[in-house]
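Please open the structure in your viewer and keep the selection tool at hand. The tour goes from one selection to the next and says what is found at each stop.

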Amino acid sequence: MGHPVHTAKSRVAAISIFASAGMAATKFVVGIAIGSLALISEALHSSVDVIATVITWLVVRVSDLPADAEHNYGHGKIESLSALGVIAMLYVLSGGILVESWSRLSEGAVPPKLSAIPFIVLLIDIAVNFWRARALHRAARDTRSQALAADALHFASDVLGSIAVIIGLALSGLGYAWGDAAAAIAVAVMIAVLGFRLGRSTVETLLDRAPEGAPERASAAIRNLPGVIDIERLRVRMVGPTHFIDATVQVPRTFPIDRVEEIKRRAQAAVSQAFGDADLTFTAVPVARNNESVRERIMVIARNSGLAIHHVTVHDLGGRLTVSIDLEVDGDMALTAAHDVAQELERNILEEFGEDVEVDTHIEPLEPELPLGTDAAPERVAAIAAALSRIAADGAISDIHSVRVRDTEAGEIVNFHCRAAPSMSVIKVHDNVDAIEHALRRAFPTVKRVISHAEPPDA
């Protein structure tokens, strides 16, 4: 089954071919029969429309093909190239009509033989062209097809051309011999104006001129997204019906990669909603925010060096910063190598904040991501759970539950949940839980790590 947009454009173009051919042939025959240069000129104009519509029908079948290895931006610009070919034919036709019209005015050619037939043909032509122009304009708007837009403009000009021919024939019938040639000149001028309008928009597309208002719409769609600080550069161009948007966007340097990727996805969705058919190239530039904290800046320094740090403590001692950091390194690394890593981190922090900053780094072994372990025996879990409840009995922490104990190569790992008053601050909760953890490790020296989860009573 064909693509729905492709099918719609092809169907409208095919209908236009048969309608154009039929009306062009009828006007040409009637024009020859009565000797009207204006009607013949309008018939030739319609013949160009037939050729243009055939080209359009062929072109839309190519322009909707997807991008490939040789045409990374798709095939949409073939519509602009076809429009240039139609423009050339229009100007050749316009020039020929002007030459012949001047010749008839100069030589005093015999006026056409009038009857009701040419007027009936022209009225039918006006009705058909008006209907086709509206249908093509709707299809061009829905599919953003430059070729269909050019076709719609052709048929709209045919309506005006037919009206000019009617006026010229009427003047000839009233005894003004120059009426027919004057109407032919009017048709030629309309053709030239049509070519100019079509040529301007086509050349602008080929020169990658940004569609009017498109940069502002794209900028607004991206700038309103959470996490976007600013837009450094934005470029928009059209290839066929597709808006290709290149955006260089500032994002906080403290954001992890997956969050930046989420901003990219939301930006693509935002421009697609704004333009319909849009292809976004999003380049993220990490920058420091004005409200970035000292701790966040230190975390960025460590991350840029590929280091794992935690427990970053910062104090301001009368305008002088003191920084304490826990640095995790491979447990098998020699002390000399680990010390070099710590010194490099400290130098980077001093470069960021100044030489008067005091930095202390605590080196500790990096915990393995997936330590091997097994669940402890039920009696061991019961003993540790009872000890936790006993330790917490006289404090602010209550309801020790969900106790789990696992044996690993490094020692026992204990997880438990507990409850605290909902109004208690996080600092106080942490201090109380930390005291329980230390007491448990003193009571059970084989416990390597204690992980607690505090929650309010109604959780």
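## Helix 11 and its two sides

Begin by selecting helix 11, where Val381, Ile384, Ala387, Leu388 and Ala392 are buried. These residues cover an arc of only 130° around the axis, which puts them on the same side of helix 11. As you look, please bear in mind that this is a predicted model. The helix runs over residues 378–392, and its 15 residues reach 21 Å from the first C-alpha to the last, close to the 21 Å expected at 1.5 Å a residue. Turn the view to the face of helix 11 that points away from its buried side, and you will find the exposed residues Pro378, Glu379 and Arg390. To see what covers the buried residues, add strand 8 (398–408), strand 9 (411–419) and helix 12 (426–443), which are included in that cover.

## Helix 10

Next, select residues 335–353, which make up helix 10; this helix has 19 residues and reaches 27 Å from its first C-alpha to its last, close to the 27 Å expected at 1.5 Å a residue. Within helix 10 the buried residues are Ala338, Ala342, Leu345, Asn348, Ile349, Leu350 and Phe353, and the elements that cover them include helix 9, strand 4 (308–317), strand 5 (320–329) and strand 6 (358–365). Just after the end of helix 10, stop at Gly354, which takes a positive phi of about 115°.

## A salt bridge between two loops

Now show the side chains of Arg253 and Glu292, which meet in a salt bridge with 2.8 Å from N to O. Arg253 lies in the loop between strand 2 (242–252) and helix 8 (257–275), while Glu292 lies in the loop between strand 3 (278–287) and helix 9 (294–304), so the pair ties together parts that are 39 residues apart in sequence. Glu292 counts as buried, at 10% relative accessibility. If you add Arg297 and Glu352 to the selection, you have the four residues that are linked with one another in a network of salt bridges, the other two being Arg253 and Glu292.

## Lys27 and its two partners

Which residues should be selected together with Lys27 to see its salt bridges with Glu42 and Asp125? Select Glu42 to begin with, since Lys27 forms a salt bridge with Glu42 in which the closest N and O atoms are 3.5 Å apart. Lys27 lies in helix 1 (residues 4–34) and Glu42 in helix 2 (residues 37–63), so this pair ties together parts that are 15 residues apart in sequence. At 0% relative accessibility, Lys27 counts as buried, and Glu42, also at 0%, counts as buried.

Then select Asp125, which forms a salt bridge with Lys27, the closest N and O atoms being 3.0 Å apart. This pair links distant parts of the chain, with Asp125 in helix 4 (residues 116–143) and Lys27 in helix 1, 98 residues apart.

## Two nonpolar cores

Finally, look at the largest nonpolar core, which has 24 residues, and of these Leu39, Leu90, Ile97, Leu122, Val165 and Ile191 touch the most other members. Helix 1, helix 2, helix 3 (78–107), helix 4, helix 5 (146–173) and helix 6 (179–206) are the elements that give two or more residues to this core, and helix 6 gives the most, with six residues. Apart from this core lies another, of 22 residues, among them Ala221, Phe255, Val271 and Leu280.

Notes:
Residues numbered from 1 in each chain as written. Predicted model: local features only at pLDDT ≥ 70, side-chain atom pairs only at ≥ 80, totals over all residues. Heavy atoms only, no water. Helix = DSSP H or I, 4+ residues; strand = E, 2+ residues; numbered from the N terminus. Buried < 20%, exposed > 50% of the residue type's maximum accessible area, 1.4 Å probe, protein only. Core = buried A, V, L, I, M, F, W, Y, C linked by side-chain atoms within 4.5 Å. Expected span 1.5 Å × (residues − 1). Contact = heavy atoms within 4.5 Å. Arc of directions from axis to C-beta.
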